[in-house]
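Dear colleague,

I am passing on the structure we spoke about, together with some notes on what turned up when I went through it. Please have it open beside this message as you read.

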Amino acid sequence: MKISDKSLKRLKYVLFSFLALFLAACVFLVLMYFKIIKLNHPNGIKGADVSAYQGVIDWNVLSKNLDFVFVKATEGSSYTDDCFTANFSGAMSAGLFTGAYHFFSYDSSGKSQAEHFISTVGFHNGMLPAVIDVEFYGGYYKNPKSAEDVKTDLTDMIAALEEYYGVKPIIYCTAKAYRLYGGIFDGCPLWVRNVYFKPFDDEWLFWQYTDTEELDGYSGDEKYIDMNVFNGGYEDLKDITVK
């Protein structure tokens, strides 16, 4: 059966249109991947998480753009962030709701990690709940431990921090960590990372929505700073502080 010239032209037009849309979608996804296009622009109570990567921080300047901040304190059972003391005291003095976080190690016992965090951070009236950062590093990116292998240490750390601070710790997690270990989190509030889209449900307390924000007030080698939004209002944030 012979195709008419009119039908052939229509077919070419459809194919060309499809190809153009496909290429446009590919370009859009590439620009999203490299974070040139950002879809996350949430409103609400916002804050940062910082570590030694931000270098020396002028909290009088940085605090103008924030309502709260989480400061890296410890990692594993022995490492302490070089800037923790200065950052934690500086943030509290600037009037920010301030908390501390611990980078969870798959190579140390949960009890020793909790002891290290508690001895480093201590108890400060009005601080935000302790945070356990559960993600992957080194060979664990491709070969993560099973939930069964992680359960004892993570459960022990959660229990120790809850006993000391009187509230459950917050769990910061990537999507992959949540899929693997979410069943171990034991009802802890969630701080989820998704730098491309808003989380699909509202079962989160904090949301890290970008890791490429640029603000004034810090001088480290890392020019970007992570930004987060709280799932609630100012009084809700005040209510979750440790007293």
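The place to begin is glycine 166, which follows helix α5 and has a positive phi, near 85°. Please keep in mind throughout that this is a predicted model.

Helix α5 itself runs over residues 147–165, and its 19 residues reach 26 Å from the first C-alpha to the last, close to the 27 Å expected at 1.5 Å a residue. The helix nevertheless bends, by about 25°, at aspartate 153. Its buried residues are Val150, Leu154, Met157, Ile158, Leu161 and Tyr165. In an α-helix, residues three or four places apart point the same way, because there are 3.6 residues a turn. As for what these buried residues of α5 pack against, the partners are the strands β4 (97–103), β5 (131–134) and β6 (170–173), together with the helices α4 (110–121) and α6 (175–181).

Helix α6 comes up again in the largest pocket, where it gives the most to the lining, with three residues. That pocket has a volume of about 800 Å³, and of the 26 residues that line it, Asp133, Glu135, Tyr172, Arg193 and Asp226 lie nearest its centre. At least two lining residues are supplied by each of β1 (46–50), β4, α6, β7 (190–193), β8 (206–213) and β9 (225–230), and β4 and α6 are also among the elements against which the buried residues of α5 pack.

Between α6 and β7 there is a loop that holds aspartate 186, and this residue deserves a look of its own. Most residues other than glycine have a negative phi. Aspartate 186 has a positive phi of about 55°, although it is not a glycine. Is aspartate 186 buried, exposed or partly exposed? With a relative accessible area of 48%, aspartate 186 counts as partly exposed, since that value falls between the cut-offs of 20% for buried and 50% for exposed.

For the chain as a whole, the secondary structure comes to seven helices and nine strands, and 42% of the 243 residues are buried. Among contacts with a separation of 6 or more, 68% are between residues 24 or more positions apart. The accessible surface comes to about 13,400 Å², and carbon and sulfur atoms account for 56% of that surface.

With best wishes

How values were computed: Residues numbered from 1 in each chain as written. Predicted model: local features only at pLDDT ≥ 70, side-chain atom pairs only at ≥ 80, totals over all residues. Heavy atoms only, no water. Helix = DSSP H or I, 4+ residues; strand = E, 2+ residues; numbered from the N terminus. Buried < 20%, exposed > 50% of the residue type's maximum accessible area, 1.4 Å probe, protein only. Contact = heavy atoms within 4.5 Å. Areas by Shrake-Rupley, 256 points an atom, 1.4 Å probe, with all protein chains shown as cover. Expected span 1.5 Å × (residues − 1). Bend = angle between axes of the 7 residues up to and from the residue. 1 Å grid on protein atoms, 1.4 Å probe; cavity = no way out; pocket = protein on both sides within 12 Å on 5 of 7 lines; lining within 4 Å. Points joined across faces, edges and corners; volume = space filled by probe spheres on them.
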